[in-house]
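Visitor: I have a model open and would like to talk it through. Can you take a few short questions?

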Amino acid sequence: MSAQRSGESLVPPPRTRAHDASLPTPAVRPLLEVRNLRMWFPIVKGMFGRTVGHVKAVDGVDFTISEGETLGLVGESGCGKTTTGRCVVRITKPTGGEVIYHTASGESVDLAGLPNRQLKTYRREIRMIFQDPHSSLNPRMPVLDIVGEPLRVNGIASGRELEDRVAELIGKVGLRPEYLRRYPHAFSGGERQRIGIARALALDPRLVVCDEAVSALDVSVQAQTVNLLQDLQQEFALTYLFVAHDLSVVEHISDRVAVMYVGKLVEIAETDELFAAPLHPYTEALLSAVPKADPRLRNKGRRIRLGGEVADPANPPSGCYFHPRCRYAKDRCTVDEPALREIRPGHRVACHFAEELDLQGVAVG
Amino acid sequence: MTPPPDAPVSQSATTVADCLIEIRGLKTHFFTDEGVVRAVDGVDLDVRRGRTLCVVGESGSGKSITARSILQIVDDPGRIVAGSIMYRRTDAEPVDIATLHPRRATIRAIRGREIAMIFQEPMSALSPVHTIGNQIVEGIRLHLRVTKEEAHDRAVSFLGRVGIPKPETRMESYPFQLSGGMRQRAMIAMALSCGPSLLIADEPTTALDVTTQANILDLIQDLQAEFGMTVMFITHDLGVVAEIADDVAVMYLGMVVERGDVDAVFHDPKHPYTRALLRSIPRMGARSGARLEAIRGMVPHPFARPTGCPFHTRCQEAMPGVCATIVPPRESLAPGRDVRCLLHSDVERLERAQRVAP
C-alpha cells in the first residue's frame with residue numbers, strides 16, 4: 001500500500017447520460033408507492049411466547065417515489081426510518097400495508113405480501129447500501145467475491161466474464177481494478193463504502209435504498225461519496241430512497257424530503273419548500289437544531305430546543321405523538337390524532353394547526 | 001482578522017498565565033508489530049483559561065490521542081516519546097504532564113479531579129454492572145474528603161444540574177436503562193462532580209441525534225459559564241465548532257496545521273486543508289444542486305505517511321518539489337494564530353537550512 005493509493009481514487013468524471021434517449025424529461029412515472037405501511041414487532045413474554053404488545057416501528061406510512069428522483073427520509077434514531085427502508089427491500093416482511101413496485105415493463109406488483117421465491121426478480125432491481133462499511137462487507141471475501149456474488153448467484157456472469165464485470169464496476173465507483181483480490185481490511189472507510197456501492201450496482205438496479213450511506217464517513221470523504229452517488233444516479237438513471245439523519249446532506253442530495261416521527265410521516269414536501277417553509281413543529285425543531293457552520297450566525301434567529309425524549313413506539317402518547325414535546329400543543333393535540341393532509345400542492349403535513357402556525361425555516365444564504 | 005464579538009480575552013494578551021495547558025512538540029507514537037504509528041507527531045497547542053478550544057480533524061488526525069496524552073491514558077503500545085505538556089494551575093507550581101508516570105500518584109490526583117474527560121460512547125465509558133449513582137459517588141469519594149452521605153448528595157445535585165429528571169431515582173439506574181442522551185448527561189455529571197478546571201470532551205455528541213446534540217452543547221456551555229471551566233472539545237463536525245468554539249486548532253495526520261480564533265479560522269482560513277474542509281461541507285440553506293467540492297483522495301494510511309508536508313498529496317496548492325521535501329514549520333501570523341504551510345513560509349531560507357543540516 002503506498003501513499004499514492006489515496007491520490008488515485010478520484011470520483012469518476014461525470015459521463016454523458018447512458019439513457020438520454022429514453023429519458024426525455026424528468027420522469028413523473030411512479031416507481032414505488034408505499035401505502036399504509038406497517039411494521040409492528042411483537043413484544044413476547046413468558047415461556048409460551050405470549051404477545052403482550054407491539055413496537056410500532058412503522059405505523060401507517062404513505063409515500064411515492066417517482067422514477068429518477070431522490071426521496072430523503074429523515075428523523076431521529078428510533079423513528080422507524082431504517083425499518084421503512086428495510087421493508088422496501090424486503091429484508092423484513094411488513095406486517096401490513098402495500099409496497100407497490102412498478103416494473104420497467106409497466107406492471108405493478110405488491111412486494112409487501114410476496115413470498116420469497118417470487119421476490120427474487122425484484123430483489124435484483126431494488127438494492128441497498130448500508131451504513132457501516134466495516135460490518136457490511138464480509139472480512140473473509142476479496143472484493144471480487146463481494147461485488148461478484150450477486151452476479152454469480154443470479155447466473156449473470158461467471159469466470160473471466162465475472163472478473164471483467166467486477167473490474168468495470170469498481171472502476172465506476174473510483175477504485176482501481178488491481179484491488180480485486182484484496183480483502184476489506186486493506187481499504188479505508190470511504191473505499192469500503194465504494195465497494196458497498198459497487199455491490200449494490202452490480203445487478204443494474206432501478207431503485208437503491210441508501211441507509212445512512214455517508215453517515216460514518218469523514219467530512220472530506222463524505223463529499224466525494226455524495227458526489228459519486230449523484231454521478232451514478234445520472235449515469236444509470238437510478239432512483240434513491242436516501243435514509244439519513246444528517247439534514248444538510250439530505251438537503252443537498254434529495255428532490256423531496258419526508259420527515260418521520262415515532263413510526264409515522266409527519267411531513268413530506270419538495271426539499272426547497274420543506275427547508276424554507278416547514279409546516280410541522282417537529283420539522284422546525286429539527287432544522288433549528290442543526291449547527292450552522294459559520295460562527296457569525298451564532299445566537300442569530302430563534303433556537304428551538306426540544307425537551308424530553310422521543311416517544312416510546314411500544315407505548316406512544318395519545319393524540320398527536322409529538323404533543324408532549326411540542327411548543328405549540330393545544331388541548332386538541334392530546335386527544336385527536338392528526339392525519340397527513342395536503343396543505344399546499346405536493347406538501348403534506350400531519351398537524352392540526354399547520355395553517356395557523358408561523359414556523360421558521362432555514363434562511364437561504 | 002476581526003475578533004468575535006463575544007471574545008472575553010483580547011487577542012494580543014496571550015501571556016503564559018492565560019494558558020492552562022501548553023503543549024509543545026508533543027509526539028505520541030504507537031509501537032505496533034507492523035511498525036511505528038506516529039499518531040501525534042509534533043503538536044503545539046495552547047488551551048487558554050476559561051475558553052473553549054475546539055480541536056478539529058478527520059479520523060486518524062491524532063486529535064483523540066492528543067487529548068488522551070494530556071490525561072496520560074494512552075493505551076498500549078502507545079507512548080509519549082517527546083515534547084512537553086505544561087499544566088499551569090493558579091495555586092501551584094506548573095507540572096509537565098508528559099514526564100509523569102501514567103500510574104503514579106501525581107497524575108492520578110489530576111486525572112478526574114482537575115482534568116476530567118467525557119467520551120464519545122457513554123455505553124463503553126460507563127460500567128454496565130454498576131449503577132450510575134455508585135459510579136459517580138466512587139469518583140467523588142476518591143478525590144474529595146467527604147462522607148458517603150455528602151458524596152451521595154453531591155452526585156444527586158449534579159445529576160439534577162445536567163438535566164436528568166428525577167435524579168434521586170436515576171441514581172439507582174444502570175446505564176442500559178437510560179437513553180443515549182441521558183447516558184451522555186450522566187457521564188457529564190460524573191466528569192463535573194469533582195469540579196475540574198479543564199473538561200476534555202472527545203466527540204461527546206457524535207453518536208447523538210441533532211436535537212439531543214443541541215441540548216448537550218447548550219448544557220456544556222451553561223456549565224462552563226457557571227463553573228468557569230476551560231473546555232477542550234474534540235470533534236470533526238465544523239457546524240459544532242462554529243457554534244461553541246472560542247479558539248480552533250485544525251489537525252491533520254498528527255500535526256496542528258492551523259490555529260486561531262474561531263472567526264479567523266472560518267472567515268480567513270490560511271491553510272489549504274482548512275479551506276478545503278470548509279468548502280466540502282454541505283451547507284443548509286445554500287442548496288444549489290451544485291456538486292460538493294470534495295478533497296481528492298483519502299487520509300493516508302498511518303504506515304504510508306507522505307514525506308514533507310503531510311497534506312501535500314491531496315493539496316490543490318502544493319508546490320512541486322518543495323512540499324514533498326520540507327516539513328512546514330510553524331509560522332506565527334499573529335498572537336494565537338499560526339499555520340503550518342509552506343505558502344506562508346520563506347521557502348528559500350528553509351531550503352538553505354535543509355542543505356546545511358540535512
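Visitor: What radius of gyration does chain A have, against that of a compact globule?
Guide: Chain A has 22 Å, which agrees with the value near 21 Å for a compact globule of 365 residues. The radius is taken over C-alpha atoms, and the globule rule is 2.2 Å times the number of residues to the power 0.38. This is a predicted model, where local features need pLDDT of at least 70 and side-chain atom pairs count only at pLDDT 80 or more, while totals for chains, interfaces and linings use all residues. Residues are numbered from 1 along each chain as its sequence is written, with chains lettered from A and ligands numbered from 1 in the order in which they are written.

Visitor: How much of chain A is buried?
Guide: Of its 365 residues, 46%. Buried takes 20 or more other C-beta atoms within 10 Å of the residue's own, exposed 12 or fewer, and partly exposed is in between, with C-beta atoms placed from the backbone.

Visitor: Which residues have the most contacts inside the largest nonpolar core?
Guide: A:Ile170, A:Leu241, A:Phe242, B:Val250 and B:Val257, in a core of 200 residues. Such a core is a set of buried Ala, Val, Leu, Ile, Met, Phe, Trp, Tyr and Cys residues joined through C-beta atoms within 7 Å.

Visitor: What is A:Leu241 in contact with?
Guide: Leaving aside neighbours within four places in sequence, A:Leu241 contacts A:Ile65, A:Leu71, A:Leu73, A:Gly85, A:Val88, A:Leu207 and A:Val209. Contact means C-beta atoms, placed from the backbone, within 7 Å.

Visitor: Switching to the sheet: what is the strand order in chain A?
Guide: Eight strands form an open sheet, 6-7-8-3-9-10-12-11, with mixed pairing. The edges are strand 6 (126–129) and strand 11 (341–344) of chain A. Strands (E, at least two residues) and helices (H or I, at least four) are DSSP runs numbered from the N terminus, and two strands pair if DSSP finds at least two bridges between them.

Visitor: How many bridges join strand 9 and strand 10 of chain A?
Guide: Six, in the antiparallel sense. One bridge joins A:Tyr261 to A:Lys264 in strand 10 of chain A.

Visitor: Now the interface. How many residues does the contact take from each chain?
Guide: 48 from chain A and 44 from chain B. Helix 7 of chain A gives the largest share of the chain A side, seven residues.

Visitor: And in chain B, what do strand 1 and strand 2 form?
Guide: A hairpin with two residues between them. Strand 1 (residues 19–32) and strand 2 (residues 35–48) of chain B run antiparallel and are joined by 10 bridges. B:Lys27 has B:Asp41 as its bridge partner in strand 2 of chain B.

How values were computed: Two residues are in contact if their C-beta atoms, placed from the backbone, lie within 7 Å.
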